[in-house]
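Subject: The structure I promised you

Hi there,

Here is the structure we talked about, ready for you to open. Have a look around first, then read on for what turned up.

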Amino acid sequence: ASCVSSVFKRAARRASFREMARCQACLAVLALLVCSASSFQRSRLINARGAVGSVRLFEMRTEAAGELLAERKDALREAIAAYSACVKQMEELEAAEEAADQTDEKRPKKGLLGAESVASRRSQVSSDMEQLRDTITAAIEALAPFNPTGAPLRGWGGFQGSPPEECELGGVWSLEYTDAADATFKRGDRGEAVTFQLVDPIKRNFVNAVNFVNGKGKLRGFRVIVKAKAKNAKEVALSFQRVVLLRKSRFPRLFGKITIPFPGIRIVTAIGRLLAYLRGGQNTKGPGFEVLFLDEDTRIHRSYDGLYFVHSRLSQEPALAD
């Protein structure tokens with residue numbers, strides 16, 4: 001700028017008024033260019049700082065969301081663990097109550113007092129279980145908005161044009177909790193029941209499996225094969241196909257497996273709607289469920305009857321007892 005100013009002064013001494021005006025115009029244009037370049041650099045610096053701030057803000061929000069997700073998963077797991085402990089305690093009290101009913105008639109008073117004590121504890125545990133069910137439901141509803149899988153059924157049988165191998169539902173799952181009364185097994189003559197679920201996106205099957213361990217009977221376990229059709233990215237309609245009984249037999253190829261087909265889907269759907277009506281539900285869709293949450297180790301869904309199921313992923317299928 002100083003060089004241009006000196007040139008302008010020399011030109012002013014010996015040039016005409018027109019040349020002076022031309023130099024003034026050039027100086028103005030040069031000053032404008034210098035100001036524009038300075039503003040551009042300042043703007044780039046501000047934008048760069050703003051971009052760094054936005055990235056950092058996004059990272060902070062992501063970290064906070066991840067921490068909140070972990071906290072809510074931990075809260076759900078703790079509630080389920082407490083509920084499972086109550087279930088085990090209830091089973092022990094029921095066994096004690098059965099033993100009290102068989103008390104020697106020579107000591108009726110002691111047996112009666114024992115039965116009353118067991119009944120009182122059963123009532124307390126039952127109340128605790130009811131409160132824990134409400135706690136678990138609230139924990140599930142709090143966790144569902146943080147579902148990291150927006151389309152859990154993408155790839156189910158080729159749904160949405162994706163290959164089944166990309167469907168994240170596939171694998172072996174263990175049932176950790178449900179408020180469905182008919183989905184759990186008590187230990188009996190068949191032995192301890194190991195329940196799990198095999199999910200096959202290629203065959204579009206959910207296989208509800210039960211293995212009996214250390215049982216006295218001939219039944220080793222059974223499988224309930226359910227066909228599933230994706231209704232949208234989060235919901236499936238279920239069609240019960242058949243039950244396969246796995247038995248101990250000297251001739252396993254002939255009598256080791258017995259298959260019992262289910263009636264047609266219309267009959268099953270009608271029965272499901274009737275049962276939902278008798279329970280006071282509002283299910284008009286038939287068998288099916290909506291996936292509420294799915295990540296690498298946890299799956300939660302709610303059936304059309306309003307029942308909740310919480311599964312955890314297993315690394316492999318539990319072995320069937322000999």
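Let's start at Glu 141, which is partly exposed, with a relative accessible area of 36%. Keep in mind as you click around that this is a predicted model. The side chain of Glu 141 meets that of Arg 302 in a salt bridge, 3.2 Å from N to O. Where do the two partners sit in the chain? Glu 141 is in helix H3 and Arg 302 in strand E8, so this pair links distant parts of the chain, 161 residues apart. Arg 302 is partly exposed too, at a relative accessible area of 24%.

That bridge has company: the structure holds eight salt bridges. Another one joins the side chains of Lys 73 and Asp 297, at 2.9 Å from N to O. Lys 73 belongs to helix H2, while Asp 297 is in the loop between E7 and strand E8 (298-303), so the pair ties together parts that are 224 residues apart in sequence. Is Lys 73 buried or exposed? Lys 73 is buried, because its relative accessible area is 9% and buried means under 20%. Asp 297, on the other hand, counts as partly exposed at 28%. Both residues also take part in a network of salt bridges that links Lys 73, Asp 74, Arg 77, Asp 295 and Asp 297.

Next, find Glu 317 and Arg 223. They form a salt bridge as well, with the closest N and O atoms 4.0 Å apart. Glu 317 lies in the segment after E9 and Arg 223 in strand E4 (residues 219-230), so here the parts tied together are 94 residues apart in sequence. Glu 317 is partly exposed, with a relative accessible area of 40%, whereas Arg 223 is buried at 11%.

Stay with Arg 223 for a moment, since it leads to another residue. Which side chain does Arg 223 join in a polar contact of 2.9 Å? That would be Asn 211, a residue of strand E3 (residues 205-213). Asn 211 counts as buried, because its relative accessibility is 1%. Its side chain also reaches the backbone oxygen of Ala 319, at 3.4 Å. Leaving aside neighbours within four places in sequence, Asn 211 is in contact with residues from several stretches of the chain, among them Glu 192, Phe 196, Arg 220, Gly 221, Pro 318 and Leu 320.

Now for the nonpolar side of things. The largest nonpolar core has 22 residues, and the ones that touch the most other members are Leu 76, Ile 136, Ile 140 and Ile 300. Which elements give two or more residues to this core? They are helix H2 (17-101), helix H3 (108-143), strand E7 (288-294) and strand E9 (308-314). H2 supplies the largest share, eight residues. If you want one residue to zoom in on, try Ile 140: not counting residues up to four places away in sequence, Ile 140 touches Leu 76, Leu 292, Ile 300, Tyr 308 and Val 310. There is also a second, separate core of 20 residues, which includes Val 210, Phe 222, Val 243 and Val 291.

Nonpolar residues turn up on the outside as well. Phe 251, Leu 254 and Phe 255 make a nonpolar surface patch of about 360 Å². Leu 254 is part of helix H4 (residues 252-255). Why does Leu 254 count as exposed? Because its relative accessible area is 62%, and exposed means over 50%.

Finally, zoom out for the overall picture. The protein has five helices and nine strands. Read from the N terminus, the elements run α-α-α-β-β-β-β-β-α-β-α-β-β-β. Of its 322 residues, 29% count as buried. The protein exposes about 20,900 Å², and carbon and sulfur atoms supply 56% of that area. Among contacts in the protein with a separation of 6 or more, 54% are between residues 24 or more positions apart. The salt bridge between Lys 73 and Asp 297, with its 224 residues of separation, is a nice one to pull up on screen when you think about that.

Happy exploring!

Notes: Residues numbered from 1 in each chain as written. Predicted model: local features only at pLDDT ≥ 70, side-chain atom pairs only at ≥ 80, totals over all residues. Heavy atoms only, no water. Patch = residues over 30% accessible without salt bridge, like charges linked within 9 Å, V, L, I, M, F, W, Y side chains within 5 Å. Areas by Shrake-Rupley, 256 points an atom, 1.4 Å probe, with all protein chains shown as cover. Helix = DSSP H or I, 4+ residues; strand = E, 2+ residues; numbered from the N terminus. Buried < 20%, exposed > 50% of the residue type's maximum accessible area, 1.4 Å probe, protein only. Core = buried A, V, L, I, M, F, W, Y, C linked by side-chain atoms within 4.5 Å. Contact = heavy atoms within 4.5 Å. Polar contact = N/O pair within 3.5 Å; in protein donor to acceptor, adjacent residues only side chain to side chain.
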